[in-house]
Amino acid sequence: MHISKDTVLISVIILLSLIILIQFVSLAVSKSKLRKDAVKRSRAVLGGQMLEQIAPFLPDFPCNPADARFIGKPVDFIAFPGLMENSKVSEVLLIEVKSGESKLNEREKEIRHAVEQGRVRYVEYRIK
């Protein structure tokens, strides 16, 4: 049985076309999954940012909301408990707001560690 060059060429073209089609479909599915994951992550970030803003008004916040000042980065709040009640500040708090399964990042862990070790200073900066 003799197979012509044209038949082989057509078979190869069909095979390559099928491989390209399969790769295209696979890529489209992967892109769809990536988009869904990106949207999911974006929603989680936006939800976390919203919670950061309203956290002082939620139950169990560690101080009076009026005593807290939003910073955002590298910690969410700095608070001065007692500032609004009686003008005597009892302590200074650095507050990081987390929700769900989120964890401290490395920078936040470094800050927590510095505070725990007492490596905190008050600096008065005067402009002459």
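The exercises below work through the fold, the overall dimensions and one surface patch of a predicted model.

**Exercise 1.** Determine how many helices and strands the protein has, and in which order the elements run.

*Solution.* Begin with the count, which gives three helices and three strands. Then follow the chain from the N terminus, where the order of the elements reads α-β-β-α-β-α.

**Exercise 2.** Compare the radius of gyration of the protein with that of a compact globule of 128 residues.

*Solution.* The value for a compact globule of 128 residues would be near 14 Å, whereas the protein has 29 Å. Next, take the extent of the C-alpha trace, which spans about 100 × 35 × 30 Å along the principal axes. Turning to burial, 16% of the 128 residues count as buried, and the accessible surface comes to about 11,100 Å², with 62% of this area belonging to carbon and sulfur atoms. Finally, among the contacts with a separation of 6 or more, 17% are accounted for by residues 24 or more positions apart.

**Exercise 3.** Place Leu21 in its element, classify its accessibility, and state which residues make up the nonpolar surface patch that includes Leu21.

*Solution.* First, Leu21 lies in helix α1, which covers residues 5-54. Second, its relative accessibility is 48%, and because partly exposed denotes the range between under 20% for buried and over 50% for exposed, Leu21 counts as partly exposed. Third, Leu21 helps to make a nonpolar surface patch of about 670 Å², together with Ile10, Ile14, Leu18, Phe24, Val25 and Val29.

Notes
Residues are numbered from 1 along each chain as its sequence is written. This is a predicted model: local features need pLDDT of at least 70, side-chain atom pairs count only at pLDDT 80 or more; totals for chains, interfaces and linings use all residues. Side-chain values use heavy atoms; hydrogens and water are left out. Patches are made of residues with over 30% relative accessible area and no salt bridge: like charges are joined within 9 Å, nonpolar side chains (Val, Leu, Ile, Met, Phe, Trp, Tyr) within 5 Å. Accessible areas come from the Shrake-Rupley method with a 1.4 Å probe; for residues, only the protein chains shown count as cover. A salt bridge is a side-chain nitrogen of Lys or Arg within 4 Å of a carboxyl oxygen of Asp or Glu. Helices (H or I, at least four residues) and strands (E, at least two) are DSSP runs, numbered from the N terminus. Buried means under 20% relative accessible area, exposed over 50%, partly exposed in between (1.4 Å probe, protein chains only). The radius of gyration is taken over C-alpha atoms; the globule rule is 2.2 Å times the number of residues to the power 0.38. Contact means heavy atoms within 4.5 Å.
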